[in-house]
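Work through the exercises below with the sequence and the coordinates at hand. Each task is followed by a solution in steps.

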Amino acid sequence: MSRVYNFSAGPAVLPEEVLKSAAEEMLDYKGTGMSVMEMSHRSKAFEEIITSAEADLRELMNIPDNYKVLFLQGGASQQFAMIPMNLMKNKVADYIVTGQWAKKAASEAAKYGKVNKIASSEDKTFSYIPDCSDLPVSEDADYVYICENNTIYGTKFKELPNTKGKTLVADVSSCFLSEPVDVSKYGVIYGGVQKNIGPAGVVIVIIREDLITEDVLPGTPTMLTYKTHADAKSLYNTPPAYGIYICGKVFKWLKSMGGLETMKARNEKKAALLYDFLDQSKMFKGTVEPKDRSLMNVPFVTGNAELDAKFVKEAKAAGLENLKGHRSVGGMRASIYNAMPYEGVEALVAFMNKFEEENL
Ligand SMILES: Cc1ncc(COP(=O)(O)O)c(C=O)c1O
């Protein structure tokens, strides 16, 4: 068996312990004689899986009792519609546009009501996070929306925006469980799990109870109504059962690692290794305003597209995979999620150093 260091932005690297444990349980989950893939979502065994996954997530994130945890489908993109359909009571929402994902979410919301883009960093190719301390938040806004970590551009909100009392909704797909968060500051926190938590097919929504109502926009499908899933404890219909099982294993792994404070320290150490290298390199350059740098996604360029392509190709041959930047920005991007070991970043930096010496 040979594993590579996988720097993919998502689906992405998962902890080896989790994959091995899932492999061991593949044919016979805890004496049931079947795989989790094969069992009823109404079975006792699965009930235990989903209940303990939720309990572990609540413990890891210190989720207050007045928030529901929903395990849903449709990816993060489906939330772009579910959020306005469920939350736009006044049909007005404010969006802070810091990248393609926030932009897509804003366009989707505009199908349902008035969207005000109250801040944007598009003027500089989304390479920074705008000052959000005193924005023109709309009087009648139902919520203020952010994408907290911008997977494509490698920026992260280090401070949450001042929403002036309005409900904050955040897409945390690419920074989920990478560091502690104060859940009580948000109305909704959601993310696709395929970056930091598990296999594609599950999206986790953490939502304050008062935002879960029957008063949704006319025509909202039953499946796209938060209340449907909250009332049924995420078992209204067949959930993405195997994915939830893997998420549960990742939550247990995170707990065994020491929880989110420990993950934050590990992630800071990994990111510093790479950013420090970029800051002294004569060939590679980070593309993001240093104060807004993400701990999870690190884009960089040489300034020469041919050299970038050569780098990506040779890195792959050296067992460092998926370093090509997003198709919309080019260059390189190293995604260094929770499950990427420090040694993976060390190997990347050593390779970059060698490449620089050989090609400068
Ligand atoms: C921050 C962010 N939001 C949303 C999405 C879209 O996720 P999905 O493919 O699950 O719809 C992505 C995907 O990469 C993302 O990085």
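**Exercise 1.** How many Å from an oxygen atom of the ligand does a polar side-chain atom of Gln194 lie?

Solution. The model is predicted. Take the polar side-chain atom of Gln194 and an oxygen atom of the ligand: the distance is 2.9 Å. The cut-off for a polar contact is 3.5 Å between N or O atoms. Next, take Thr151, where a polar side-chain atom is 2.5 Å from a ligand oxygen. Ala76 takes part through its backbone, with a polar atom 3.0 Å from an oxygen atom of the ligand. Finally, consider burial: of the 390 Å² of accessible area that the ligand has on its own, the protein covers 83%.

**Exercise 2.** Locate the ligand and describe its shell.

Solution. Start with the site: the ligand occupies the largest pocket. Then list the residues around the ligand, among them Gly75, Phe80, Trp101, Cys147, Asp171 and Lys195. Sort the shell by class: four residues are nonpolar, six polar and two charged. Last, assign the shell to elements: helix 3, residues 75–87, gives the most, with four residues.

**Exercise 3.** Derive the strand order and the edges of the sheet made of strands 11, 12 and 14.

Solution. The sheet is open, its order is 11-12-14, and the pairing is antiparallel. Strand 11 (285–286) and strand 14 (332–335) are the edge strands, as each pairs on one side only. Now check one pair: strand 11 meets strand 12 (residues 297–301) in the antiparallel sense over two bridges. Within this pairing, Gly286 has Phe300 of strand 12 as its bridge partner.

Key
Residues numbered from 1 in each chain as written. Predicted model: local features only at pLDDT ≥ 70, side-chain atom pairs only at ≥ 80, totals over all residues. Heavy atoms only, no water. Pairing = 2+ DSSP bridges. Near = heavy atom within 4 Å. Polar contact = N/O pair within 3.5 Å; in protein donor to acceptor, adjacent residues only side chain to side chain. Areas by Shrake-Rupley, 256 points an atom, 1.4 Å probe, with all protein chains shown as cover. 1 Å grid on protein atoms, 1.4 Å probe; cavity = no way out; pocket = protein on both sides within 12 Å on 5 of 7 lines; lining within 4 Å. Sits in = over half its atoms within 2 Å of the grid points. Nonpolar A, V, L, I, M, F, W, Y, C, P; charged D, E, K, R; others polar.
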